[in-house]
Amino acid sequence: MASTSSFTIPIVDLSKPDAKSLIVKACEEFGFFKVINHGVPMESISQLETEALKFFSMSINEKEKAGPPNPFGYGSKRIGQNGDVGWVEYLLLNTNEEHDFSLCGKNPENFRGLLNSYTSLVKKMACGILELMAEGLKIQQRNVFSKLLMDEQSDSIFRVNHYPACPELAVNGENLIGFGEHTDPQIISLLRSNNTSGLQIYLRDGSWISVPPDHNSFFINVGDSLQVMTNGRFRSVRHRVLANGFKSRLSMIYFGGPPLSEKIAPLPSLIKGNQSLYNEFTWFEYKNSTYGSKLADNRLGHFERIAA
């Protein structure tokens, strides 16, 4: 069901002193917020977006040379291995490994350079936001979350999603799923898209609300791993993308993940007198369990402690 309530996306100005308290409030209530004054130059964003659009404008035969995603590379319509499909094509890239960029368009070295520059800027922003979260939660160790992304073994990924315009929608007015509802399994996701609508988030009252696009800002998602580390105080946000009848949508997402061997469990300082809501698991275990699930599954369910 779509919401008719007057809902405003929380906006956090990262240059202001109240940023940490606004971030904590948004993560507790929605698991989602928009950031402005984020420090990533528009030029860096636009240049990478231009290269990505060049790639997606190539023939399907050319694009498929960069696929299938196993797990990295080019994919179209099929999302994962368990039957999920959407009106989307995408590039999935590992931020820590060298890819064969010769498959990514006419100017692979340019693509590689722009991608490396962009991901380092966005990773820096992600770490700054995670440190503001720790401060806002009054955790003594300011880098308790950010150190997981800074680790050389950090399992972070970068995804570019392209949702072509779907003319049939403009005619019949129906909804078509571009990317089905899901939560992100990592710690934090930073999304930037062009000015085409489509992103929706799920509120606790059972309603879906559309997020107005803003190509100058970033949208931040709390991931499942952060929900566990905060013992459920922060909630990972369920979200989806609907295809657009008139315009294509391009989104670039940095997923900040921990090292594969990292144990994910509620932080002792956030449990205090309460019970731990989750059993400890490694990121490798959780990541493997997500590969065996459908997008819409409650993937944390396997790791929740059953209340006595």
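This is a short talk on the fold of one chain and a handful of its residues.

A word on the source before anything else. The model is predicted. Please keep that in mind throughout.

Let me start with the overall picture. The chain carries 9 helices and 14 strands. How does the radius of gyration sit against the globule rule for 308 residues? A compact globule of that length would come out near 19 Å, and the chain has 19 Å, so the two agree. Along the principal axes, the C-alpha atoms fill a box of roughly 60 × 45 × 40 Å.

Next, burial and surface. Of the 308 residues, 54% count as buried. The accessible surface comes to about 14,400 Å². Carbon and sulfur atoms own 51% of that surface.

Now contacts along the sequence. Take the contacts with a separation of 6 or more. Residues 24 or more positions apart make up 72% of them.

And charge. There are 31 positive side chains and 32 negative ones. How far apart do the centres of the two sets lie? The answer is 3 Å.

That is the global view. Now some individual residues, beginning with two aspartates.

First, D13. You will find D13 in strand β1, residues 11-13. Is D13 buried or exposed? Its relative accessibility is 14%, under the 20% cut-off, so D13 counts as buried. Its side chain has a partner. A polar contact of 3.0 Å links the side chains of D13 and N37. Beyond neighbours within four places in sequence, D13 is in contact with A19, I36 and N37. So N37 appears on both counts, as a polar partner and in the contact list.

Second, D84. This residue belongs to strand β4, residues 84-94. D84 is buried as well, because its relative accessible area of 15% is under 20%. Which backbone atom does the side chain of D84 meet? The backbone nitrogen of L295 lies 2.8 Å from a polar atom of that side chain. The wider contact list of D84, leaving aside neighbours within four places, reads K77, R78, I79, K294 and L295. There is also a spatial pairing to note with F179. D84 and F179 are 95 residues apart in sequence, yet their C-alpha atoms are 8.7 Å apart.

K77 came up in that list, so let me stay with K77. K77 lies in strand β3, residues 73-79. Its phi is near 70 degrees, a positive value in a residue other than glycine. At 43% relative accessibility, K77 counts as partly exposed, since that value falls between 20% and 50%.

A second residue has a positive phi. That is N231, with phi near 55 degrees. N231 sits in the loop between α7 (224-229) and β11 (239-242). Its relative accessibility is 9%, so N231 counts as buried.

Back to the loop ahead of β3. Where are the cis peptide bonds? One runs from G67 to P68, with omega near -5 degrees. Another joins N70 and P71, and omega there is about -5 degrees too. P68 is in the loop between α3 (60-64) and β3. P71 is in the loop between α3 and β3 as well. If you set up backbone checks, those are the two bonds I am pointing at.

Last stop, strand β11 and the loop after it. L242 is in strand β11. L242 is buried, with a relative accessible area of 12%. Its contacts outside the local window are N175, L176, I177, G178, S197, G198 and Q200. How far is L242 from M252 in space? They are 10 residues apart in sequence and 16 Å apart, C-alpha to C-alpha.

Then S248, in the loop between β11 and β12 (249-256). S248 is partly exposed, with a relative accessible area of 29%. S248 touches H162, Y163, P164, A165, N194 and T196, again leaving out residues up to four places away. Look at A165 in particular. S248 and A165 are 83 residues apart along the chain, and their C-alpha atoms are separated by 4.4 Å.

To recap. The radius of gyration agrees with the globule rule. D13 has a polar contact with N37, and the side chain of D84 has a polar atom 2.8 Å from the backbone nitrogen of L295. Cis bonds precede P68 and P71. Thank you.

Key: Residues numbered from 1 in each chain as written. Predicted model: local features only at pLDDT ≥ 70, side-chain atom pairs only at ≥ 80, totals over all residues. Heavy atoms only, no water. Helix = DSSP H or I, 4+ residues; strand = E, 2+ residues; numbered from the N terminus. Rg over C-alpha atoms; globule rule 2.2 N^0.38 Å. Buried < 20%, exposed > 50% of the residue type's maximum accessible area, 1.4 Å probe, protein only. Contact = heavy atoms within 4.5 Å. Areas by Shrake-Rupley, 256 points an atom, 1.4 Å probe, with all protein chains shown as cover. Lys, Arg positive; Asp, Glu negative; His and termini not counted. Charge placed at Lys NZ, Arg CZ, Asp CG, Glu CD. Polar contact = N/O pair within 3.5 Å; in protein donor to acceptor, adjacent residues only side chain to side chain.
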